Amino acid sequence: MTRLLLIGPPGAGKGTQGARLAERFAIPAVSTGDIFRANVAQATELGKQAKAYMDRGAYVPDELTNALVLDRLQQPDAAGGFLLDGFPRTLAQVETLDAFFAEQGIGFDAVVQLLADEDEVVRRLLNRAAEQGRADDTEAVIRHRLAVYAEQTAPLVALYADRGLLVSIDGLGAPDEVFARILEGITRKVG
Ligand code: AMP
């Protein structure tokens, strides 16, 4: 039974490490960004509503996001645990999740924060943008996005640190090495 939250900027390896953690603990990786993108691709009602916000780089309203996540966490495959990625992102979302957890008598076992050197992350994101033909992802745009991310997640990181759940991991290095560090950090929390 493992419930984890993965926090980290774009380019820090969250996708790779999240997939590995999900496999190791046999839990679903629940990424709100992935769910929204899949809904946009399939032009579902949720996707249509979310798209306008996502296109602007804005948060999808809590009404939609909270309902989506709470529904997902009540699916049978999440009964034995889950890895959340991309949610909660605001203190209001933390409150919603706390209320749900209290109702269910559950909580996070650990909150894993992936840290990565900014210049390295910028390099990775520039490469990714070039591969995907996203010319508008310039270095300035990427640095701005990273600054916004850091500013927005700081209160969450502080809150989970206060609760004694935070495991901060150096995300630089080979994926195997980083994964080993994460497992070690989680083991320290969970025992
Ligand atoms: P991500 O891949 O996590 O960067 O998410 C992509 C987009 O999905 C974001 O820019 C938001 O528009 C939306 N999104 C993902 N997670 C959330 C969330 N927790 N709250 C609001 N919007 C979200």
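**Gln-93.** I started with Gln-93 and looked up its exposure: it is buried, at a relative accessible area of 3%. I keep in mind that this is a predicted model. Gln-93 sits in helix 5, which runs over residues 91–104. I then listed what Gln-93 touches beyond its neighbours within four places in sequence, and got Asp-62, Thr-65, Asn-66, Phe-87 and Pro-88. With Asp-62 there is a side-chain to side-chain polar contact of 2.9 Å. An N or O atom in the Gln-93 side chain is also 2.9 Å from a nitrogen atom of the ligand.

**Ligand.** That sent me to the ligand. How many residues surround the ligand? I get 13, and the closest are Thr-32, Arg-37, Ala-58, Gly-86 and Gln-93. Next I went through polar atoms. Arg-37 puts a polar side-chain atom 2.9 Å from an oxygen atom of the ligand. Val-60 works from its backbone: an N or O atom there lies 3.1 Å from a ligand nitrogen atom. On its own the ligand has 480 Å² of accessible area, and the protein covers 82% of that.

**Phe-87 and Pro-88.** Both had come up as contacts of Gln-93, and I checked the peptide bond between them. The bond is cis, with omega about 0°. Pro-88 is in the loop that links strand 3 and helix 5.

**Helix 1.** I moved on to helix 1, residues 14–25. Its 12 residues reach 16 Å from first C-alpha to last, close to the 16 Å expected at 1.5 Å a residue. Which residues of helix 1 are buried? My list reads Lys-14, Gln-17, Gly-18, Leu-21 and Ala-22. They take up an arc of only 140° around the axis, so they sit on the same side of helix 1. That made me recall the general rule: an α-helix has 3.6 residues a turn, so residues three or four places apart point the same way. Gly-15, Glu-23 and Arg-24 are exposed on the other side of helix 1. For the packing partners of the buried residues, I noted strand 1 (2–7), strand 2 (29–31), strand 3 (81–85), strand 4 (110–115) and helix 8.

**Positive phi values.** Just after helix 1 comes Ala-26, with phi near 55°, a positive value in a residue other than glycine. Ala-26 belongs to the loop between helix 1 and strand 2. Buried or exposed, I wondered about Ala-26? Exposed, because its relative accessible area is 67% and the cut-off for exposed is over 50%. Ala-43 also has a positive phi, near 50°, and is likewise not a glycine. I found Ala-43 in the loop between helix 2 (32–41) and helix 3 (45–55). At 44% relative accessibility, Ala-43 counts as partly exposed.

**Helix 6.** Then helix 6, residues 118–131. At 1.5 Å a residue its 14 residues should span 20 Å, and I get 20 Å between the end C-alpha atoms, which agrees. The buried residues in helix 6 are Val-121, Val-122, Leu-125 and Ala-129. Why do I put them on the same side of helix 6? Because they cover an arc of only 100° around the axis. Their cover includes helix 7 (139–162). Ala-130 and Glu-131 are exposed on the other side of helix 6. For Glu-131 I noted a relative accessible area of 69%. I also took the separation of Glu-131 from Ala-58: 24 Å between C-alpha atoms, with their positions 73 residues apart along the chain. Following helix 6 there is Gly-133, with a positive phi near 65°.

**Lys-189.** Last entry: Lys-189, in helix 8 (residues 175–190). Lys-189 is partly exposed, with a relative accessible area of 37%. Leaving out residues up to four places away in sequence, I list its contacts as Asp-109, Ala-110, Gly-164, Leu-165, Leu-166 and Val-167. What does the Lys-189 side chain reach at 3.0 Å? The backbone oxygen of Gly-164. I also checked Lys-189 against Asp-137, 52 residues apart along the chain, and their C-alpha atoms are separated by 37 Å.

Definitions and conventions. Residues numbered from 1 in each chain as written. Predicted model: local features only at pLDDT ≥ 70, side-chain atom pairs only at ≥ 80, totals over all residues. Heavy atoms only, no water. Helix = DSSP H or I, 4+ residues; strand = E, 2+ residues; numbered from the N terminus. Expected span 1.5 Å × (residues − 1). Buried < 20%, exposed > 50% of the residue type's maximum accessible area, 1.4 Å probe, protein only. Arc of directions from axis to C-beta. Contact = heavy atoms within 4.5 Å. Polar contact = N/O pair within 3.5 Å; in protein donor to acceptor, adjacent residues only side chain to side chain. Near = heavy atom within 4 Å. Areas by Shrake-Rupley, 256 points an atom, 1.4 Å probe, with all protein chains shown as cover.
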